[in-house]
Amino acid sequence: MIESEADARAWLQGSGVDAAGMERLDQLVAMLAEENERQNLVSRASLAQVWQRHIVDSAQLLDVSRETLPGGPWLDLGTGAGFPGLVIAALQPEREVALVDSRRLRTEWLMRAVDALKLDRVNVVLARVEDLPSHTFSVISARAFAPLEKLLALSIRFSTPQTLWLLPKGAKARHELEELDKGWRHTFHVEQSLTDAQGGVLVGHVLGAPKL
């Protein structure tokens, strides 16, 4: 379990993040702290543990499945301050990443961050999920966006049975999975979070929706 900022940075470097990747993450952390004075991107308290609470909490998604190796496009729904999607893009700048949020101030910040980090394969989208055009992705992530049942109903049109879903759910992960309508056909399981002893990440594929 990662319990300190030093642990978090050490984990990233031990996971193979190169100097350029660490430089992008350092720049992202500095920009986040500055912007947080203008708008509440993350809680002030969490900034003291930004590497643990936000950076590694996002980066750990690359560690739960070999299917996250650079390849197809990644969709991050309700991205907010860019977690996890902006961190993923900073670590895999060769991957196409779509960051979707419905709040204009958030997306304006994301566009500035993307430009500063020179992430030219990132697309920042100001929209509600319901209004997005249908397009399939290789990976879909969402952190603290919506309960699992609602999230799947809103987002299944962006996936195929091969799409990998990575959904940090905190302490609610197992409960939300158990409460999911049995009509959903899926391969979800819970991975232990590296940054929260009580937290879990739902990992798997959606094979089919409940019949109407």
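**Exercise 1.** Val114 sits in helix H6, residues 104-116. Working from this predicted model, decide whether Val114 is buried or exposed, and find which residues Val114 touches beyond four places away in sequence.

*Solution.* Start with the cut-off: buried means under 20% relative accessible area. Val114 comes in at 8% relative accessibility, so it counts as buried. Next, look for its partners. Skipping residues up to four places away in sequence, Val114 touches Leu86, Leu99, Leu119, Val122 and Val124.

**Exercise 2.** How far apart in space are Val114 and Ser134, C-alpha to C-alpha?

*Solution.* Along the chain, 20 residues separate the two. Now go from C-alpha to C-alpha, and you get 24 Å.

**Exercise 3.** Take the largest nonpolar core and find which members touch the most other members. Then pick Leu25 and list its contacts, leaving aside neighbours within four places in sequence.

*Solution.* The core has 44 residues, and the best-connected ones are Leu12, Leu25, Trp51, Ile55 and Trp109. With those sequence neighbours set aside, Leu25 is in contact with Leu12, Trp51, Ile55, Val87, Ala90 and Leu91. Don't stop there: another core, of 26 residues, lies apart from the largest one, and Ala98, Val129, Ile140 and Leu148 are among its members.

**Exercise 4.** Which residues of helix H7 (148-155) are buried, and what covers them?

*Solution.* First, pick out the buried ones: Leu148, Leu151, Leu152, Leu154 and Ser155. Look down the axis of H7 and they fall within an arc of 165 degrees, so they line one face of the helix. Last, check the cover, which includes strands E1 (74-77), E4 (139-142), E5 (164-170), E8 (200-204) and E9 (206-208), along with helix H8 (173-179).

How values were computed. Residues numbered from 1 in each chain as written. Predicted model: local features only at pLDDT ≥ 70, side-chain atom pairs only at ≥ 80, totals over all residues. Heavy atoms only, no water. Buried < 20%, exposed > 50% of the residue type's maximum accessible area, 1.4 Å probe, protein only. Helix = DSSP H or I, 4+ residues; strand = E, 2+ residues; numbered from the N terminus. Arc of directions from axis to C-beta. Contact = heavy atoms within 4.5 Å. Core = buried A, V, L, I, M, F, W, Y, C linked by side-chain atoms within 4.5 Å.
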